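These are my notebook entries on one structure. I record here what I looked up, entry by entry.

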Amino acid sequence: MAGIEFVFESRKKEEDTAMPKHIGVYPGTFDPITRGHLDIIERGLKLFDLLIVAVAESHSKAPLFDAPERLDIIRHELKYYKNIRVESFNCLLIDYMKKKKATTVLRGLRVISDFEYEFQMALINRKLDQGTETVFMMTSENYAAVSSRFIKEIARLGGDVTAFVTPYVAKRLKEKFDGNFAG
Ligand code: ADP
């Protein structure tokens, strides 16, 4: 009997450690992922047992890269990180969070103009689900002016974006715009 109890206990302990306790979700369009996003992910990872980078399909924003391309790019960038998962979602964020048993939304803040939108979104998410908390992480000052929108514009005009994105993302941007010009 004691033997069975012991096996049960040790299995339970294994399950406890295998099951991430505090799951955070970093949602965004990531069109494409920038050094600013990567900085938030790297620092955000310290707050959670598991961080899910959740790529919003964002059809209404007419993204340059479709969702599978964005997933592919992010997975390439994060392949050496532990305790991280990269997924896409196309539903209400709070429904996605419930499905993933996540309690905390991670968002980044750059400039004051980010604040109003982020504040409203956090309040709405909390109204929809009282259990959801949003944590804001201040950008590192080097990345305060880095936004996917400007990077796309610079890349479209043939400028060098390697200060703002990794060489791999710069290559994917170049391929995308070369392809578009060719077409
Ligand atoms: P969304 O369409 O949801 O705003 P984004 O990919 O633009 O998706 O941004 C995702 C999150 O990352 C947002 O919280 C945004 O404020 C944050 N973010 C974007 N760029 C930076 C940056 N350079 N530094 C810190 N946070 C950033």
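**Entry 1: Ala144.** Leaving aside neighbours within four places in sequence, with which residues is Ala144 in contact? I looked this up in the model, which is a predicted one. With those neighbours set aside, I find Ala144 in contact with Arg110, Val111 and Thr139. I then checked the pair Ala144 and Arg110: they stand 34 residues apart in sequence, while their C-alpha atoms are 5.1 Å apart in space. I located Ala144 in the loop between strand 5 and helix 6 (148-156). Ala144 counts as partly exposed because it has 13 C-beta neighbours inside 10 Å, a number between the limit of 12 or fewer for exposed and that of 20 or more for buried.

**Entry 2: the chain as a whole.** I counted 7 helices and 5 strands in the chain. Following the sequence, I read the pattern α-β-α-β-α-β-α-β-α-β-α-α. The chain has 183 residues, and 26% of them are buried. I also looked up the contacts between residues at least 6 apart in sequence: 73% of these join residues at least 24 apart.

**Entry 3: the ligand shell.** Which residues come nearest to the ligand? The shell holds 17 residues, and I note Gly28, Gly36, Arg107, Gly108 and Thr139 as the ones that come nearest. Thr139 appeared in my first entry too, as a contact of Ala144. Sorting the shell by class, I obtain 5 nonpolar, 9 polar and 3 charged residues. Helix 2 (35-44) and strand 4 (104-109) each supply at least two residues of the shell. Helix 2 gives the most, with 3 residues.

**Entry 4: helix 2.** I next asked which residues of helix 2 are buried. They are Arg35, Gly36, His37, Ile40, Ile41 and Gly44. Gly36 is thus recorded twice, as a buried residue of helix 2 and as one of the residues that come nearest to the ligand. The cover over the buried residues of this helix includes strand 1 (23-28), strand 2 (50-56), strand 4 and strand 5 (133-138).

**Entry 5: the nonpolar core.** I looked up the largest nonpolar core, which has 32 residues. Val25, Tyr26, Leu51, Val53, Ala54 and Ile74 touch the most other members. Strand 2 contributes the largest share of this core, 6 residues. I followed Ile74 further: apart from its neighbours within four places in sequence, Ile74 is in contact with Phe30, Ile33, Val53, Val55 and Val86.

**Entry 6: strand 2 and its partners.** How many residues of strand 2 are buried? I find 6 of its 7 residues buried, and the strand is mostly covered. Strand 1 and strand 2 run parallel and are joined by 6 bridges. Within this pairing, Val25 has Ile52 of strand 2 as its bridge partner. From strand 1 the chain passes through helix 2 to strand 2, and I record this β-α-β crossover as right-handed. Strand 2 also pairs with strand 3 (residues 84-89), in the parallel sense and over 6 bridges. In strand 3, Val86 stands opposite Val53, and Glu87 stands opposite Ala54. A right-handed β-α-β unit is formed by strand 2, helix 3 (residues 67-77) and strand 3.

**Entry 7: backbone details.** I looked for unusual backbone geometry in the loop between strand 1 and helix 2, where both Phe30 and Pro32 are found. The peptide bond joining Asp31 and Pro32 is cis, with omega about 0 degrees. Phe30 is not a glycine, although its phi is positive, at about 50 degrees. Is Phe30 buried or exposed? Phe30 counts as buried because 25 C-beta neighbours lie inside 10 Å, and 20 or more suffice for that class.

I set Lys101 beside it. Lys101, also not a glycine, has a positive phi of about 55 degrees. Its place is in the loop between helix 4 (93-99) and strand 4. Lys101 has 11 other C-beta atoms within 10 Å and is therefore exposed. I close the entry with the two positive phi values side by side: Phe30 is buried, whereas Lys101 is exposed.

How values were computed:
Residues numbered from 1 in each chain as written. Predicted model: local features only at pLDDT ≥ 70, side-chain atom pairs only at ≥ 80, totals over all residues. Near = placed C-beta within 6 Å. Helix = DSSP H or I, 4+ residues; strand = E, 2+ residues; numbered from the N terminus. Nonpolar A, V, L, I, M, F, W, Y, C, P; charged D, E, K, R; others polar. Contact = placed C-beta atoms within 7 Å. Core = buried A, V, L, I, M, F, W, Y, C linked by C-beta atoms within 7 Å. Pairing = 2+ DSSP bridges. Right-handed = clockwise from strand over helix to strand, strands pointing away.
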